[in-house]
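User: Hi! Could you walk me through some features of this protein model, with a few questions and answers?

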Amino acid sequence: MNQMLQDSIEATSTEAPTPESVATADTPVASPPAPSHPRFTKPQRVAFVQAAWHRDVVAECRIAFLDEIEARHIPRDRVDIFEVPGSFEIPLHAQLLAKTRRYTAIVAAGLVVDGGIYRHEFVADTVIKALMDVQLRTEVPVFSAVLTPQQFHETQAHFEFFRKHFATKGIEVATACAETLLSLERLRSQVAAGIV
């Protein structure tokens, strides 16, 4: 083993804990401060379009998304939830919502699984391409949490795994949504000022 790495491990493992670093039943451990996120200059409104297929799994994405987007200064009452039968129906709804100009972003969530009758990869690919087309045609950013697992079996273990995975994706899509909206705000103000 590298001697510097070995010395570092030994030094770390032999250091005595300080009284401040030891938590007891009487002294709670201080949680790290919540991250500070930038605020928007204009109010944002987001449409969240989710597929009803495997609703309990996809709902984890929505729940995590709402928590994270609120932490990023878009209140829950500024997010409108829409449900469609399956992922294939999401792009048309996204397009109609984008054309209203009511929404500054649209988020799509769905689970496309192999039903044995058709190739689920084709469905997922079609949905993702259509969502990109909506975004480029309307200039309203569209974010995808439409997931296609390689293998999905209707077992409790797979349901639990994908519930956790969708919760992670909800946080990730909220982060991408908020950061993109902030970036677009800056870019549009620069364009308006003639800087870009």
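Below are short questions and answers on a helix, some charged pairs and a loop residue.

Analyst: Happy to help! This is a predicted model, in which local features need pLDDT of at least 70 and side-chain atom pairs count only at pLDDT 80 or more, while totals for chains, interfaces and linings use all residues. Residues are numbered from 1 along each chain as its sequence is written, and side-chain values use heavy atoms, with hydrogens and water left out.

User: How far does helix 5 reach from its first C-alpha to its last?

Analyst: Helices here are DSSP runs of H or I with at least four residues, strands are runs of E with at least two, and both are numbered from the N terminus. Helix 5 covers residues 156-192, which is 37 residues. The expected span is 1.5 Å times one less than the number of residues. That gives 54 Å for helix 5, and the model comes close to it, at 53 Å.

User: Which residue with a positive phi follows helix 5?

Analyst: Phi is near 80 degrees at this position. The residue that follows helix 5 is G194.

User: How many salt bridges are there?

Analyst: Side chains of opposite charge can pair when their charged atoms come close. A salt bridge is counted when a side-chain nitrogen of Lys or Arg lies within 4 Å of a carboxyl oxygen of Asp or Glu. By this rule the count is ten.

User: Are the partners E68 and R72 buried or exposed?

Analyst: E68 and R72 form a salt bridge, with their closest N and O atoms 2.9 Å apart. Buried means under 20% relative accessible area, exposed over 50%, and partly exposed in between, using a 1.4 Å probe and protein chains only. E68 has 17% and R72 has 10%, so both count as buried.

User: Which residue meets D125 in a salt bridge?

Analyst: D125 is partly exposed at 37%, and its partner is exposed at 51%. Both lie in helix 4 (residues 120-138), four residues apart, about one turn of the helix. The N to O distance is 3.3 Å, and the partner is K129.

User: Which side chain makes a polar contact with the side chain of Q44?

Analyst: Q44 sits in the loop between helix 1 (3-14) and strand 1 (46-51), and at 7% relative accessibility it is buried. Leaving aside neighbours within four places in sequence, its contacts (heavy atoms within 4.5 Å) include I74, R78, T104 and L181. A polar contact is a pair of N or O atoms within 3.5 Å; within protein, one must be able to donate a hydrogen and the other to accept it, and residues adjacent in sequence count only if both atoms are side-chain atoms. At 3.1 Å, the partner of Q44 is E185.
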